[in-house]
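Hi,

Here is the structure I promised to pass on. Have a look at it first, and my notes follow underneath.

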Amino acid sequence: MDKLSHLLEQLSEYSGRAIAWLTGAMVCITFLVVVLRYGFDLGWIGLQEVITYLHAMVFMLGAAYTLRHEGHVRVDIFYQRFGPRGKAWVNLLGTLLLLWPMCLFIAYISWDYVAVSWERLETSSESGGLPFVYLLKSLLLLMPLLLMLQGLAAALQSWQVLRGRRHGQSDEHQQEVL
């Protein structure tokens, strides 16, 4: 269980760190769009759409990384006062009753939408736009998958705490958060 949990957390960690680099690319391309538009009176729809694609990738593919580092908004009325077992129960039940059902719902309602886009190899409706809308829409399926995998890692860790095999978060995770 620990190996699987660690492997899943590493997937979230490495994908999140790789995706984070896209924010720098987004800033550079936005700067380029502004300079070209206001300095040279030039503009390309495709270049502007690249920014949208990068933003979607950062937001949707970075969600599992954010979950791994407990960066999502959470109402901590009681959680912060709980001990390791109480937190493990909240995390386990939150994953099973909230995170996974929401991810499954997102994947379910997105499936046909993404499938139709792939059937048509959908392109931008804008003249000069990017021809990869179907890839962009695929993020609607990839995001819940990555979130569910990170949720599985958290659930396994919580289960280990509840079984008495672990006293809360791993030392490695605690050091990474600090």
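Helix H2 runs over residues 45-61. Its 17 residues reach 24 Å from the first C-alpha to the last, close to the 24 Å expected at 1.5 Å a residue. Keep in mind throughout that this is a predicted model. The buried residues of H2 are Gly46, Glu49, Ile51, Tyr53, Leu54, Ala56, Met60 and Leu61, and they pack against H1, H3 and H5.

I ran the same sort of length check on two other helices. H1 covers residues 2-40, and its 39 residues should span 57 Å at 1.5 Å a residue; the end C-alpha atoms are 56 Å apart, so that agrees. Right behind H1 comes Asp41, with a positive phi near 55°.

H4 takes in residues 84-120. With 37 residues at 1.5 Å each, a span of 54 Å is expected, and the end C-alpha atoms sit 50 Å apart, which agrees. H4 does bend, though, by about 40° at Thr95. Thr95 is also one of the buried residues of H4, a list that further holds Ala88, Leu92, Leu99, Cys103, Ser110, Val114 and Ser117. Helix H3 (63-68) and helix H5 (133-162) are included in what covers them. Just after H4, Leu121 has a positive phi too, about 45°.

Now for the cores. The largest nonpolar core has 18 residues, and the ones touching the most other members are Ile29, Ile51, Leu54, Leu61, Leu139, Met143 and Leu147. H1, H2, H3, H4 and H5 each supply at least two residues of this core. In soluble globular proteins, nonpolar side chains tend to be buried together. If you want a place to start looking, try Ile29: setting aside residues up to four places away in sequence, Ile29 touches Leu47, Val50, Ile51 and Leu54. Another core, of five residues, lies apart from the largest one, and its members include Ala88, Leu92, Ala155 and Val161. Ala88 and Leu92 already came up among the buried residues of H4.

Which residues form the salt bridge? A search of the whole structure finds one, between Glu122 and Lys137, with the closest N and O atoms 2.7 Å apart. Glu122 is in the loop between H4 and H5 while Lys137 is in helix H5, so the pair ties together parts that are 15 residues apart in sequence. As for how accessible the partners are, Glu122 has 25% relative accessibility and so counts as partly exposed, whereas Lys137, at 13%, counts as buried.

Two more residues are worth a click. Arg120 lies in helix H4 and has 67% relative accessibility, so it counts as exposed. The C-alpha atoms of Arg120 and Tyr134 are separated by 8.2 Å, with the two residues 14 apart along the chain.

Gln150, in helix H5, is a polar contrast to look at: is Gln150 buried or exposed? At 2% relative accessibility, Gln150 counts as buried, because the cut-off for that is under 20%. Leaving aside neighbours within four places in sequence, Gln150 is in contact with Leu8, Glu9, Ser12, Ala64, Leu67 and Arg68.

That's what I have so far. Shout if you'd like to go through any of it together.

Cheers

Note on methods. Residues numbered from 1 in each chain as written. Predicted model: local features only at pLDDT ≥ 70, side-chain atom pairs only at ≥ 80, totals over all residues. Heavy atoms only, no water. Helix = DSSP H or I, 4+ residues; strand = E, 2+ residues; numbered from the N terminus. Expected span 1.5 Å × (residues − 1). Bend = angle between axes of the 7 residues up to and from the residue. Buried < 20%, exposed > 50% of the residue type's maximum accessible area, 1.4 Å probe, protein only. Contact = heavy atoms within 4.5 Å. Core = buried A, V, L, I, M, F, W, Y, C linked by side-chain atoms within 4.5 Å. Salt bridge = Lys/Arg side-chain N within 4 Å of Asp/Glu carboxyl O.
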